[in-house]
Amino acid sequence: MTTPNYEYYGLMVRYWDLLRGDTSNWDDRFFFLNVIRKSGQPALDIGCAAGRLLIDYLAQGIDIDGVDISPEMISLCRLNAEKKGLKPNLYVQGMNELNLPRKYKTILVPSSSLQLLLEPGQPLQALKRFYDHLETGGIFATPFMTLWREGDPLEGDFVREATRPEDGATVRRTSWWRFNPKTNMEDTRDTYEVIRDGLVIETEVHEQAPATLSYTQAEAVALFEQAGFKNIQVYSEFTFEPVKPADTVFSVTGIKP
Ligand SMILES: C[S@@+](CC[C@H](N)C(=O)[O-])C[C@H]1O[C@@H](n2cnc3c(N)ncnc32)[C@H](O)[C@@H]1O
């Protein structure tokens with residue numbers, strides 16, 4: 001198989017929902033819903049992937065569109081939506097080249113997907129595209145992760161497994177990551193395996209080096225400021241509580257004046 005020029009493909013997409021399991025109680029679900037309620041509709045979910053938030057919000061009657069750079073993720077999202085009788089507007093686009101036919105009152109980049117933009121200048125270019133796609137007074141909201149701080153481990157791994165319902169096969173994702181303090185970026189390797197009767201019947205390795213850029217709270221705020229956002233708020237994780245210096249997960253919102 002030729003590796004496509006987007007990161008989320010193949011077994012990663014096929015087993016995305018299965019390996020994640022029940023996401024209905026994830027904290028960000030309530031956070032972003034409250035942001036939309038405050039800021040208004042239409043809303044846009046960037047990096048919508050399989051539609052975890054998009055489909056949930058659509059089902060609640062919210063007018064929300066989705067964007068993702070992976071055509072495979074967009075197809076899965078469309079399928080997941082169809083199963084619920086929903087037909088969202090979905091677009092295959094890179095967030096730093098966003099070009100959509102309408103403007104929004106709320107734009108979300110959930111899951112820290114902005115940190116997947118690694119080239120210098122790309123994150124600012126993306127935020128300017130979001131700014132241009134917002135109505136005056138609209139809100140842009142996104143969480144960030146500080147991936148590493150002095151004293152933290154520089155490398156780690158974890159395994160996730162789930163049972164494929166149709167035949168009881170085990171789907172396993174073995175993940176490894178390494179942080180480089182010089183570049184402030186993380187490399188990752190994810191190995192996907194489907195195991196039936198003790199035999200590996202499918203396998204796929206996804207290597208990204210680098211994969212993700214770390215942000216401090218100050219860097220995230222500076223990025224919002226450079227793009228022209230005002231009334232920038234930084235919250236602790238997915239609450240509306242003010243951020244604490246020790247928070248390594250924080251959500252930032254900004255208004256287009
Ligand atoms: C961590 S997943 C997001 C999951 C999703 N937001 C959720 O909450 O379930 C990251 C998503 O961002 C998409 N993505 C990566 N780079 C992108 C880019 N430059 N523009 C738009 N989408 C991108 C990936 O294809 C993937 O579906």
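This note sets out numbered points on a predicted model, taking its sheets, ligand shell, helix contacts and backbone details in turn.

1. The seven-stranded sheet. Seven strands form an open sheet with mixed pairing, in the order 3-2-1-4-5-11-10. At its edges are strand 3, residues 90–92, and strand 10, residues 230–236, each of which pairs on one side only. From one strand to the next, the twist averages 15°.

2. A pairing within that sheet. Strand 5, covering residues 134–145, runs antiparallel to strand 11, covering residues 249–255, and the two are joined over seven bridges. One position in this pairing may be located by name: Phe 144 has Phe 250 of strand 11 as its bridge partner.

3. A helix across the sheet. Helix 5, residues 71–82, lies across strand 2 (64–68) and strand 3. Relative to strand 3, helix 5 runs at about 165°.

4. The ligand shell. The ligand is surrounded by 21 residues. The closest of them are Gly 47, Ala 49, Arg 52, Ser 70 and Met 95. By class, the shell holds 13 nonpolar, five polar and three charged residues. At least two residues of the shell come from helix 4 (52–59), and at least two from strand 2.

5. Backbone geometry at Ala 49. Ala 49, one of the residues closest to the ligand, deserves separate inspection. Ala 49 has a positive phi of about 50°, although it is not a glycine. The residue is placed in the loop that lies between strand 1 and helix 4.

6. The four-stranded sheet. A further open sheet consists of four strands in the order 6-7-8-9, with antiparallel pairing. Strand 6 (155–163) and strand 9 (199–213) are at the edges; each has a single partner strand, so one side of each is left without a neighbour in the sheet. The twist in this sheet averages 15° from one strand to the next.

7. The hairpin of strands 6 and 7. These two strands pair in the antiparallel sense over nine bridges. Within the pairing, Phe 158 is set opposite Ser 175 of strand 7. Six residues lie between the strands of this hairpin, and Gly 168 there adopts a positive phi near 75°.

8. The hairpin of strands 7 and 8. Strand 7 (residues 170–180) and strand 8 (residues 185–196) are paired antiparallel over 11 bridges. Asn 180 stands opposite Met 185, and Arg 178 stands opposite Asp 187, both partners being in strand 8. This hairpin has four residues between the strands, and Asn 184 takes a positive phi near 70°.

9. The contact of helices 3 and 4. The axis of helix 3, residues 27–39, comes within 11 Å of that of helix 4, and the two cross at roughly 55°. Helix 3 and helix 4 are therefore oblique to each other, and the crossing is right-handed. On the side of helix 3 the contact involves Arg 29, Phe 32, Leu 33 and Ile 36, which meet Leu 53, Asp 56 and Tyr 57 of helix 4. Five of the contact residues are nonpolar, none is polar and two are charged. Helix 4 also supplies at least two residues of the ligand shell.

10. The contact of helices 6 and 7. For helix 6 (residues 122–133) and helix 7 (residues 217–226), the axes come within 9 Å and cross at roughly 50°. That angle makes helix 6 oblique to helix 7. The crossing is right-handed. Pro 123, Leu 124 and Leu 127 of helix 6 make the contact with Leu 223, Phe 224 and Gln 226 of helix 7. The classes here are five nonpolar residues, one polar and no charged.

11. Cis peptide bonds. Two peptide bonds should be examined in the model. The bond from Gln 41 to Pro 42 is cis, with omega near 0°; Pro 42 occurs in the loop between helix 3 and strand 1 (43–46). The bond joining Ala 209 and Pro 210 is also cis, with omega about 0°. Pro 210 belongs to strand 9, one of the edge strands of the four-stranded sheet.

Key
Residues are numbered from 1 along each chain as its sequence is written. This is a predicted model: local features need pLDDT of at least 70, side-chain atom pairs count only at pLDDT 80 or more; totals for chains, interfaces and linings use all residues. Two strands pair if DSSP finds at least two bridges between them. Axes are lines fitted to C-alpha atoms, for helices over the stretch in contact, and angles run from 0 to 180 degrees between N-to-C directions. Two residues are in contact if their C-beta atoms, placed from the backbone, lie within 7 Å. A residue is near a molecule or strand if its C-beta atom, placed from the backbone, lies within 6 Å of it. Ala, Val, Leu, Ile, Met, Phe, Trp, Tyr, Cys and Pro count as nonpolar, Asp, Glu, Lys and Arg as charged, and the others, Gly among them, as polar. Angles under 35 degrees count as roughly parallel, over 145 as roughly antiparallel, 65 to 115 as roughly perpendicular and the rest as oblique. A crossing is left-handed if the near helix is turned anticlockwise from the far one by less than a right angle, and right-handed if clockwise.
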